[in-house]
There are 2 protein chains.
Amino acid sequence: MQIHIRAQDGVPIYLQIVNQIKYQVASGRLKPGQELPPIRNLAETLVINSNTVARAYRELEQAGVVEKRRTAGTYVTDQRSPLARRERQRILIERIDQLLAESRQMSFELDEVIRLLNVRHTILQKSDGEGTG
Amino acid sequence: MQIHIRAQDGVPIYLQIVNQIKYQVASGRLKPGQELPPIRNLAETLVINSNTVARAYRELEQAGVVEKRRTAGTYVTDQRSPLARRERQRILIERIDQLLAESRQMSFELDEVIRLLNVRHTILQKSDGEGTG
DNA sequence: TGTGTTGTACTAACACAATAGTACAAGATG
DNA sequence: CATCTTGTACTATTGTGTTAGTACAACACA
């Protein structure tokens, strides 16, 4: 499994791990049921403390991305399962509520928010595919 | 001007001030051109340090909600001005980009995000108007 | 031009989040 | 049952964000 840590980056190490694993699961590079490296291994590879990896795994479990089987390792959750989907939706709704609260504070109408959402989606998708094929 | 600070609340004092002033501007309770209390006054009223209020005002200026005229006080920006609108839109776009990035990580389609946005908007608006008339 | 009021700048104290160090608990495996 | 490997728990250290203390700079206004 490929993880890259940037010390300069203001983003906490454990979050960099979380994000990259999330991304790899979403993109299909990590598949359901696949085992993640043990905490100690990954920590050694990245030359960081085991506890930092442990924290990342804990967050990933909370987010429903992985499951831990106490002494038998950490595995990628099947994202297609209804339970996993429910969990992801719950998180998405939190974000959406935040966005709505903020746009209301800034006196934006729902229509405008949705319009911008479409615009940005198109733009981001375009600039996204350029490098990766 | 009415501001209420909760010490227990995990939210930093300066952010509580920012949020409440933003809200009062959005709701029309603070009108364009209206002068905010001087930093020292508000600090004394809330029994906090002047610097904390100064920081709140700085953030509000950054967000385009108020304008500071060096030694002449702090005033509510005219939100209807094109410049102010542009500024608010810039901030909204940042939030939207974050939401899109996250929903992509969680493998949600744009349609689903927009659908939930509509649903949550309806729900939040309903529970919102109940108390305020 | 002197005085008062405005926001600013710099530093310190404190709290908390992030990370590391180390010891522990529990199940797999022979 | 002994041992290895898994994740966990607790504590210490370090860095950063929040707040406070205090001194400063700039403009209004008499």
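Which residues are the closest to DNA strand C? In this predicted model, 25 residues surround that strand, and the closest are A:Pro12, A:Ile13, A:Ile48, A:Asn49 and B:Pro38. Both chains take part through their helices: helix 1 (13-26) and helix 3 (50-62) of chain A, along with helix 2 (39-46) and helix 3 (50-62) of chain B, each supply at least two residues of the surface near DNA strand C. The largest share, five residues, comes from helix 3 of chain B. Sorted by class, the surface near DNA strand C holds nine nonpolar, 10 polar and six charged residues.

Attention can now turn to the other strand. DNA strand D is surrounded by 25 residues, with A:Pro38, B:Pro12, B:Ile13, B:Ile48 and B:Asn49 the closest. Two or more residues of the surface near DNA strand D come from each of helix 2 (39-46) and helix 3 of chain A and helix 1 and helix 3 of chain B. Here helix 3 of chain A gives the most, with five residues. The classes on the surface near DNA strand D are nine nonpolar, 10 polar and six charged residues.

Away from the DNA strands, there is the nonpolar interior to consider. The largest nonpolar core has 15 residues, and those with the most contacts inside it are B:Ile21, B:Val53, B:Ala56, B:Tyr57, B:Leu60 and B:Val65. Helix 1 (13-26), helix 2 and helix 3 of chain B each give two or more residues to this core. B:Ile21 offers a helpful example: once its neighbours within four places in sequence are left aside, B:Ile21 is in contact with B:Leu30, B:Leu60 and B:Val65.

Definitions and conventions. Residues numbered from 1 in each chain as written. Chains lettered and ligands numbered in written order. Predicted model: local features only at pLDDT ≥ 70, side-chain atom pairs only at ≥ 80, totals over all residues. Near = placed C-beta within 6 Å. Helix = DSSP H or I, 4+ residues; strand = E, 2+ residues; numbered from the N terminus. Nonpolar A, V, L, I, M, F, W, Y, C, P; charged D, E, K, R; others polar. Core = buried A, V, L, I, M, F, W, Y, C linked by C-beta atoms within 7 Å. Buried ≥ 20, exposed ≤ 12 C-beta atoms within 10 Å, placed from the backbone. Contact = placed C-beta atoms within 7 Å.
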